[in-house]
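Please look at the structure below with its ligand in view. How does one read the surroundings of a bound molecule step by step?

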Amino acid sequence: MKTLLIVFHSRTGGARQMAEAAVRGAAGEGVRVRLLPAVLAQAEDVLGADGYIFATPENLASLAGEMKEFFDRTYYAVLERLNGRPYAMLICAGSDGENAARQIRRIATGWRLRLVADPVIVCTHAQTPEAILAPKVIGPAELGRCHDIGAALAAGMASGIF
Ligand SMILES: Cc1cc2nc3c(=O)[nH]c(=O)nc-3n(C[C@H](O)[C@H](O)[C@H](O)COP(=O)(O)O)c2cc1C
(Lines give C-alpha, C1' and ligand atoms only; values in the text may rest on other atoms or scores of the structure.)
Protein backbone atom coordinates (compact mmCIF):
# COMPACT_ATOMS: atom_id res chain seq x y z
CA MET A 1 0.00 0.00 0.00
CA LYS A 2 1.32 3.46 -0.89
CA THR A 3 1.85 6.13 1.75
CA LEU A 4 0.63 9.73 1.61
CA LEU A 5 2.65 11.94 3.96
CA ILE A 6 1.06 15.20 5.11
CA VAL A 7 3.57 17.56 6.72
CA PHE A 8 2.15 20.63 8.41
CA HIS A 9 2.97 23.54 10.63
CA SER A 10 0.36 25.70 12.35
CA ARG A 11 0.59 28.32 15.08
CA THR A 12 -3.06 29.33 15.47
CA GLY A 13 -4.77 26.23 14.09
CA GLY A 14 -5.73 27.15 10.53
CA ALA A 15 -3.20 25.09 8.60
CA ARG A 16 -3.68 22.22 11.06
CA GLN A 17 -7.43 22.12 10.35
CA MET A 18 -6.67 22.20 6.62
CA ALA A 19 -4.21 19.30 6.95
CA GLU A 20 -6.69 17.32 9.03
CA ALA A 21 -9.37 17.86 6.39
CA ALA A 22 -7.00 16.46 3.78
CA VAL A 23 -6.43 13.43 6.04
CA ARG A 24 -10.19 12.86 6.20
CA GLY A 25 -10.41 13.14 2.43
CA ALA A 26 -7.62 10.65 1.88
CA ALA A 27 -9.02 8.14 4.37
CA GLY A 28 -10.62 5.17 2.67
CA GLU A 29 -9.01 5.89 -0.71
CA GLY A 30 -6.62 2.94 -0.49
CA VAL A 31 -3.45 4.58 0.79
CA ARG A 32 -1.82 4.79 4.18
CA VAL A 33 -1.99 8.36 5.48
CA ARG A 34 0.57 9.88 7.84
CA LEU A 35 0.11 13.33 9.39
CA LEU A 36 3.30 14.77 10.84
CA PRO A 37 4.15 18.17 12.32
CA ALA A 38 7.02 19.75 10.39
CA VAL A 39 9.22 19.84 13.49
CA LEU A 40 8.97 16.04 13.80
CA ALA A 41 9.17 15.03 10.14
CA GLN A 42 12.48 13.43 9.19
CA ALA A 43 14.18 12.55 5.92
CA GLU A 44 13.23 8.88 6.46
CA ASP A 45 9.56 9.89 6.64
CA VAL A 46 9.91 11.71 3.33
CA LEU A 47 11.73 8.81 1.68
CA GLY A 48 9.18 6.34 3.02
CA ALA A 49 6.23 8.09 1.39
CA ASP A 50 4.95 7.97 -2.18
CA GLY A 51 3.17 11.33 -2.26
CA TYR A 52 2.99 14.49 -0.18
CA ILE A 53 0.84 17.35 1.03
CA PHE A 54 2.59 20.35 2.58
CA ALA A 55 0.37 22.55 4.75
CA THR A 56 1.72 25.81 6.15
CA PRO A 57 0.86 29.37 7.07
CA GLU A 58 2.35 32.27 5.17
CA ASN A 59 4.40 34.35 7.61
CA LEU A 60 6.17 37.58 6.68
CA ALA A 61 5.64 36.91 2.97
CA SER A 62 7.28 33.51 3.30
CA LEU A 63 6.43 29.95 4.17
CA ALA A 64 6.46 29.58 7.96
CA GLY A 65 9.91 29.19 9.49
CA GLU A 66 9.17 25.77 10.96
CA MET A 67 8.13 24.45 7.55
CA LYS A 68 11.22 26.00 5.97
CA GLU A 69 13.34 24.34 8.65
CA PHE A 70 11.79 20.98 7.72
CA PHE A 71 12.82 21.49 4.10
CA ASP A 72 16.28 22.77 5.14
CA ARG A 73 16.81 19.72 7.33
CA THR A 74 15.66 17.10 4.84
CA TYR A 75 16.36 18.64 1.42
CA TYR A 76 19.79 17.22 0.58
CA ALA A 77 19.24 13.95 2.44
CA VAL A 78 16.53 12.96 -0.05
CA LEU A 79 17.55 14.89 -3.17
CA GLU A 80 17.36 12.79 -6.37
CA ARG A 81 15.43 10.08 -4.53
CA LEU A 82 11.90 11.46 -4.84
CA ASN A 83 11.85 12.18 -8.55
CA GLY A 84 8.38 12.20 -10.06
CA ARG A 85 6.39 11.68 -6.88
CA PRO A 86 3.14 13.69 -6.64
CA TYR A 87 2.41 16.49 -4.21
CA ALA A 88 -0.07 19.21 -3.34
CA MET A 89 0.01 22.16 -0.95
CA LEU A 90 -2.35 23.90 1.46
CA ILE A 91 -1.56 27.48 2.49
CA CYS A 92 -3.24 29.32 5.36
CA ALA A 93 -2.76 33.09 5.05
CA GLY A 94 -4.12 36.28 6.45
CA SER A 95 -4.54 38.04 3.15
CA ASP A 96 -2.11 36.68 0.54
CA GLY A 97 -0.35 33.29 0.56
CA GLU A 98 1.13 33.48 -2.93
CA ASN A 99 4.74 33.78 -1.81
CA ALA A 100 4.54 30.74 0.42
CA ALA A 101 3.07 28.76 -2.47
CA ARG A 102 5.79 30.03 -4.82
CA GLN A 103 8.53 29.05 -2.38
CA ILE A 104 7.18 25.54 -1.86
CA ARG A 105 6.87 25.14 -5.61
CA ARG A 106 10.55 26.05 -6.03
CA ILE A 107 11.68 23.65 -3.31
CA ALA A 108 9.52 20.86 -4.69
CA THR A 109 10.82 21.51 -8.19
CA GLY A 110 14.33 20.94 -6.82
CA TRP A 111 13.11 17.63 -5.44
CA ARG A 112 11.60 16.88 -8.89
CA LEU A 113 8.19 16.40 -7.33
CA ARG A 114 5.11 16.71 -9.51
CA LEU A 115 2.43 19.24 -8.49
CA VAL A 116 -0.86 17.49 -9.18
CA ALA A 117 -3.36 20.13 -8.00
CA ASP A 118 -3.50 23.89 -7.81
CA PRO A 119 -2.41 25.18 -4.39
CA VAL A 120 -5.28 25.66 -1.97
CA ILE A 121 -4.83 29.09 -0.38
CA VAL A 122 -7.22 29.97 2.44
CA CYS A 123 -7.25 33.58 3.65
CA THR A 124 -8.45 34.08 7.21
CA HIS A 125 -8.63 37.88 6.72
CA ALA A 126 -6.78 38.39 9.99
CA GLN A 127 -5.26 41.89 9.80
CA THR A 128 -4.91 43.25 13.33
CA PRO A 129 -2.42 41.83 15.85
CA GLU A 130 -5.35 40.54 17.93
CA ALA A 131 -6.91 38.77 14.97
CA ILE A 132 -3.59 37.34 13.79
CA LEU A 133 -2.82 35.90 17.21
CA ALA A 134 -6.34 34.51 17.78
CA PRO A 135 -7.18 30.83 17.21
CA LYS A 136 -8.49 30.27 13.68
CA VAL A 137 -11.63 28.46 12.57
CA ILE A 138 -11.57 27.48 8.93
CA GLY A 139 -14.98 27.33 7.31
CA PRO A 140 -16.61 24.24 5.85
CA ALA A 141 -16.24 25.35 2.22
CA GLU A 142 -12.49 25.86 2.60
CA LEU A 143 -12.11 22.63 4.53
CA GLY A 144 -14.03 20.94 1.73
CA ARG A 145 -11.39 22.06 -0.76
CA CYS A 146 -8.66 20.59 1.44
CA HIS A 147 -10.68 17.38 1.88
CA ASP A 148 -11.01 17.07 -1.90
CA ILE A 149 -7.28 17.57 -2.46
CA GLY A 150 -6.56 14.77 0.00
CA ALA A 151 -9.11 12.50 -1.66
CA ALA A 152 -7.88 13.23 -5.19
CA LEU A 153 -4.22 12.76 -4.38
CA ALA A 154 -4.86 9.54 -2.47
CA ALA A 155 -7.15 8.12 -5.14
CA GLY A 156 -4.63 8.98 -7.87
CA MET A 157 -1.84 7.33 -5.94
CA ALA A 158 -3.86 4.21 -5.18
CA SER A 159 -4.97 3.78 -8.78
CA GLY A 160 -1.51 4.39 -10.21
CA ILE A 161 -2.46 7.61 -12.04
CA PHE A 162 0.24 9.44 -10.05
C1 LIG B 1 4.45 36.78 12.21
C2 LIG B 1 3.32 36.62 11.25
C3 LIG B 1 3.47 37.07 9.95
C4 LIG B 1 2.42 36.93 9.03
N5 LIG B 1 2.63 37.31 7.74
C6 LIG B 1 1.66 37.10 6.81
C7 LIG B 1 1.91 37.38 5.44
O8 LIG B 1 3.00 37.80 5.04
N9 LIG B 1 0.91 37.17 4.55
C10 LIG B 1 -0.32 36.68 4.94
O11 LIG B 1 -1.19 36.51 4.10
N12 LIG B 1 -0.56 36.38 6.24
C13 LIG B 1 0.40 36.56 7.18
N14 LIG B 1 0.18 36.22 8.49
C15 LIG B 1 -1.14 35.70 8.87
C16 LIG B 1 -1.15 34.17 9.00
O17 LIG B 1 -0.80 33.58 7.77
C18 LIG B 1 -2.53 33.72 9.42
O19 LIG B 1 -2.76 34.20 10.74
C20 LIG B 1 -2.73 32.21 9.37
O21 LIG B 1 -4.02 31.91 9.83
C22 LIG B 1 -1.73 31.47 10.21
O23 LIG B 1 -1.93 30.08 10.05
P24 LIG B 1 -2.15 29.13 11.33
O25 LIG B 1 -3.50 29.48 11.89
O26 LIG B 1 -2.09 27.75 10.79
O27 LIG B 1 -1.04 29.40 12.31
C28 LIG B 1 1.20 36.35 9.43
C29 LIG B 1 1.07 35.90 10.76
C30 LIG B 1 2.11 36.02 11.65
C31 LIG B 1 1.94 35.50 13.05
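The questions that follow deal with the ligand and its pocket.

This is a predicted model, in which local features need pLDDT of at least 70 and side-chain atom pairs count only at pLDDT 80 or more, while totals for chains, interfaces and linings use all residues. Residues are numbered from 1 along each chain as its sequence is written, and side-chain values use heavy atoms, with hydrogens and water left out.

Q: Which strand gives the most residues to the shell around the ligand?
A: The shell holds 20 residues, each with a heavy atom within 4 Å of the ligand. Helix 1 (14–26), strand 3 (51–59) and strand 5 (86–93) each supply at least two of the shell residues, where strands are DSSP runs of E with at least two residues and helices are runs of H or I with at least four. The most, three residues, come from strand 3.

Q: What distance separates an oxygen atom of the ligand from an N or O atom in the side chain of T12?
A: T12 is among the residues that come nearest to the ligand. A polar contact is a pair of N or O atoms within 3.5 Å. For the ligand oxygen and the side chain of T12, the distance is 2.6 Å.

Q: To which residue does the polar backbone atom 2.7 Å from a nitrogen atom of the ligand belong?
A: Backbone atoms also approach the ligand, and a polar one of C92 is 3.4 Å from a ligand oxygen. The polar backbone atom at 2.7 Å from a ligand nitrogen belongs to L60.

Definitions and conventions:
A polar contact is a pair of N or O atoms within 3.5 Å; within protein, one must be able to donate a hydrogen and the other to accept it, and residues adjacent in sequence count only if both atoms are side-chain atoms.
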